[in-house]
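Reader: I have just opened this structure and would like a friendly tour. Could we go through it together, one question at a time?

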Amino acid sequence: MHTEREALYEGKAKIIFPGPDSSSVVQHFKDDITAFNSQKKDIIPGKGAVNNRVSYLIMRHLESHGIKTHILGFLDDREQLVRRVDMIPIEVVVRNLACGSFCKRFGVAPGTPILPPVVEFYYKNDALSDPMMTEDHLVSLGYATSGEVGHIKAESLRVNTILCKVMREVGIVLVDFKLEFGRLQQADGEIVLADEISPDTCRLHNASDDAVLDKDLYRLNLGDTLSGYAEVLRRIESHIPA
């Protein structure tokens, strides 16, 4: 049980435990779910297992297409082995269709195509409500060099291209999604894709009827959250080899 181990870090949806060696850690997926900067929170039994599997399959698929990630292996229904990284405290959001805060900020109708896709940066800080940042902010505040920012943006757009294709092939529209990156501790600080990619971190709509299959089910009280997540997993498992 994870309670018998000393956690290195615990966040809203995951716990990080020591790995078998100094270059790896175990990423444990919790059933906790939050929205609106944790103003709304619950536990959904089974959610962690679904997200663990979805994220593992997607990360492996991205690796097969040349995206460097932290993923090492699938351990069990709750855990995966990943490379130890120093996380960059930035959330990268890629938007393909207008939704959520984008519509509020710019007065754009939901569902409006964003061409080319927009890449946004947010400072990951709950106390400050994750403020939006420019590329200059990242450099001037010392979170990344200009070259690293360019790399992160380019990799995020590559991920978008790959994920849009996969989701389209399984009848899902990738509206937008969040990525996080980290520097490998054992490889001279090389930046790799880390954290997770799951219905917790993506907006995913059913292509045929625009039904929501992601965290907005919980956030906006639109239906059974676990059923939506499980449907995403079912489609991805049928399309991406384990």
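Reader: Which residues does isoleucine 67 touch, not counting residues up to four places away in sequence?

Author: Happy to start there, with the reminder that this is a predicted model. Isoleucine 67 sits in the loop between α1 and β6. Leaving out residues up to four places away in sequence, isoleucine 67 touches Leu62, Glu155, Arg158, Val159, Ile162 and Leu193.

Reader: Is isoleucine 67 buried or exposed?

Author: Buried means under 20% relative accessible area. The relative accessible area of isoleucine 67 is 1%, so this residue is buried.

Reader: What is the phi of glycine 66, just after α1?

Author: Glycine 66 comes just after α1, and the loop between α1 and β6 also holds isoleucine 67. The phi of glycine 66 is positive, at about 90°.

Reader: How many of the 18 residues of α1 are buried?

Author: Let us begin with the length of the helix: at 1.5 Å a residue, the 18 residues of α1 should span 26 Å, and the end C-alpha atoms are 26 Å apart, which agrees. The rest of the structure largely encloses α1, because the buried residues number 14 of the 18.

Reader: In what order do the five strands of the open sheet come?

Author: The pairing in this open sheet is antiparallel. The strands at the edges are β1 (9–10) and β6 (71–74); each has a single partner strand, so one side of each is left without a neighbour in the sheet. α1 packs on the sheet, touching β3 (24–29), β6 and β7, and its direction makes about 130° with that of β6. The order of the five strands is β1-β2-β3-β7-β6.

Reader: Which residue in β2 is the bridge partner of glutamate 10?

Author: β1 pairs with strand β2 (residues 14–18) over two bridges, in the antiparallel sense. The bridge partner of glutamate 10 in β2 is isoleucine 15.

Reader: Which side chain does a polar contact of 3.0 Å join to that of glutamate 79?

Author: Glutamate 79 belongs to strand β7 (residues 79–83). With a relative accessible area of 8%, glutamate 79 is buried. The polar contact of 3.0 Å joins its side chain to that of histidine 28.

Reader: How far apart are the end C-alpha atoms of α4?

Author: Among the buried residues of α4 are Glu155, Val159 and Ile162, and isoleucine 67 touches these three as well. For the length, 24 residues at 1.5 Å a residue should span 34 Å; this agrees with the separation of the end C-alpha atoms of α4, which is 35 Å.

Reader: Which residue follows α4 with a positive phi?

Author: The phi here is near 75°. The residue that follows α4 is glycine 171.

Reader: Which residue in β13 stands opposite glycine 182?

Author: β12 and β13 run antiparallel and are joined by four bridges. Both faces of strand β13 (residues 191–194) are covered, with Ile191 and Leu193 buried on one side and Val192 and Ala194 buried on the other. Opposite glycine 182 stands valine 192.

Reader: Why do the buried residues of α6 line one face of the helix?

Author: Those buried residues are Thr225, Gly228, Tyr229, Val232, Leu233, Arg235 and Ile236. An α-helix has 3.6 residues a turn, so residues three or four places apart point the same way. Seen down the axis of α6, its buried residues line one face because they fall within an arc of 165°.

Reader: What do the buried residues of α6 pack against?

Author: α6 covers residues 225–239, and its end C-alpha atoms are 22 Å apart, which agrees with an expected span of 21 Å. The buried residues of α6 pack against β4 (32–35), α1 (47–64), α4 (146–169), β12 (172–184), β14 (202–206) and α5 (216–219).

Reader: Is asparagine 221 buried or exposed?

Author: Asparagine 221 lies in the loop between α5 and α6, and has a positive phi of about 55° although it is not a glycine. Its relative accessibility is 63%, and exposed means over 50%. Asparagine 221 therefore counts as exposed.

Reader: Which residues does a cis peptide bond join?

Author: Here omega is about -5°. One of the two residues, proline 116, has its place in strand β10 (residues 113–123). The cis peptide bond joins leucine 115 and proline 116.

Terms used. Residues are numbered from 1 along each chain as its sequence is written. This is a predicted model: local features need pLDDT of at least 70, side-chain atom pairs count only at pLDDT 80 or more; totals for chains, interfaces and linings use all residues. Side-chain values use heavy atoms; hydrogens and water are left out. The expected span of a helix is 1.5 Å times one less than its number of residues. Buried means under 20% relative accessible area, exposed over 50%, partly exposed in between (1.4 Å probe, protein chains only). The arc is that of the directions from the helix axis to the C-beta atoms. Contact means heavy atoms within 4.5 Å. A polar contact is a pair of N or O atoms within 3.5 Å; within protein, one must be able to donate a hydrogen and the other to accept it, and residues adjacent in sequence count only if both atoms are side-chain atoms. Two strands pair if DSSP finds at least two bridges between them. Axes are lines fitted to C-alpha atoms, for helices over the stretch in contact, and angles run from 0 to 180 degrees between N-to-C directions.
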